[in-house]
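Subject: Structure handover

Hi,

Here is the structure I promised to pass on. Please open it alongside this note; my findings follow below.

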Amino acid sequence: MIKNKSVAFVLFVVLCIVLWNILELIYASFITKSGYQFDAAKCIGTPAILSILVGYLLFLRKKDED
C-alpha cells in the first residue's frame, strides 16, 4: 500500500487515463468496428477531469474524525 497520498493520487489519475483509453480502443475496435481515433480532449481531458474529482474524494480530502 502506498503511504504517500499524493503519489497514490497521481498514480490513480494516470491509471484511470490509461484504462479509459484501453477500454475505448476495445469498444471501438471490437464492438462498434468503427476504428479508434485519438482526440486529446476526449481521450485525455475527460478521464483526467473525472479521475481528479474521484481521486480527490478518495485520497486527498481530509476526513473528519467525529
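Asparagine 21 is buried, because its relative accessible area is 14%, under the 20% cut-off. Bear in mind that this is a predicted model.

**Asparagine 21**

This residue sits in helix α1. What does the side chain of asparagine 21 pair with? One partner is the side chain of tyrosine 36, in a polar contact of 3.0 Å. In addition, a polar atom of the asparagine 21 side chain lies 2.9 Å from the backbone oxygen of isoleucine 17. Set aside the neighbours within four places in sequence, and asparagine 21 is in contact with Tyr36, Phe38 and Cys43.

**Helix α1**

Helix α1 covers residues 5-31, which is 27 residues. Is its length as expected or not? At 1.5 Å a residue it should span 39 Å. Its end C-alpha atoms are 37 Å apart, so the two values agree.

Asparagine 4 caps the N-terminal end of α1. One of its side-chain oxygens lies 3.2 Å from the backbone nitrogen of serine 6. Beyond the other end, lysine 33 comes just after α1 and takes a positive phi of about 55°.

Which residues of α1 are buried? They are Ala8, Phe9, Val13, Ile17, Asn21, Glu24 and Ala28. Here the helix repeat is useful background. An α-helix has 3.6 residues a turn, so residues three or four places apart point the same way. The cover over the buried residues of α1 includes α2, residues 40-60.

**Alanine 8**

Alanine 8 also belongs to helix α1. It counts as buried because its relative accessible area is 11%. Leaving out neighbours within four places in sequence, alanine 8 is in contact with Ile2 and Phe59. Alanine 8 and cysteine 43 are 35 residues apart along the chain. Their C-alpha atoms are separated by 22 Å.

**Cysteines**

How many disulfides are there? With a cut-off of 2.5 Å between cysteine sulfur atoms, the count is zero. Cysteine 16 is in no disulfide, and the nearest cysteine sulfur to it, that of cysteine 43, is 15 Å away. Seen from the other side, the closest cysteine sulfur to that of cysteine 43 is in cysteine 16, and 15 Å is too far for a bond. A disulfide is a covalent bond between the sulfur atoms of two cysteines.

Are these two cysteines buried or exposed? Cysteine 43 is buried, with a relative accessible area of 0%. Cysteine 16 is partly exposed, because its relative accessibility is 25%.

**The chain overall**

The protein chain has two helices and zero strands. Its radius of gyration is 15 Å, whereas a compact globule of 66 residues would have one near 11 Å. Along its principal axes, the C-alpha trace spans about 50 × 20 × 20 Å.

Of the 66 residues in the chain, 18% are buried. The accessible surface comes to about 5400 Å². Carbon and sulfur atoms account for 70% of that surface.

Contacts come last. Take those in the chain with a separation of 6 or more: 60% are between residues 24 or more positions apart.

Best wishes

Notes:
Residues numbered from 1 in each chain as written. Predicted model: local features only at pLDDT ≥ 70, side-chain atom pairs only at ≥ 80, totals over all residues. Heavy atoms only, no water. Buried < 20%, exposed > 50% of the residue type's maximum accessible area, 1.4 Å probe, protein only. Helix = DSSP H or I, 4+ residues; strand = E, 2+ residues; numbered from the N terminus. Expected span 1.5 Å × (residues − 1). Contact = heavy atoms within 4.5 Å. Polar contact = N/O pair within 3.5 Å; in protein donor to acceptor, adjacent residues only side chain to side chain. Rg over C-alpha atoms; globule rule 2.2 N^0.38 Å. Areas by Shrake-Rupley, 256 points an atom, 1.4 Å probe, with all protein chains shown as cover.
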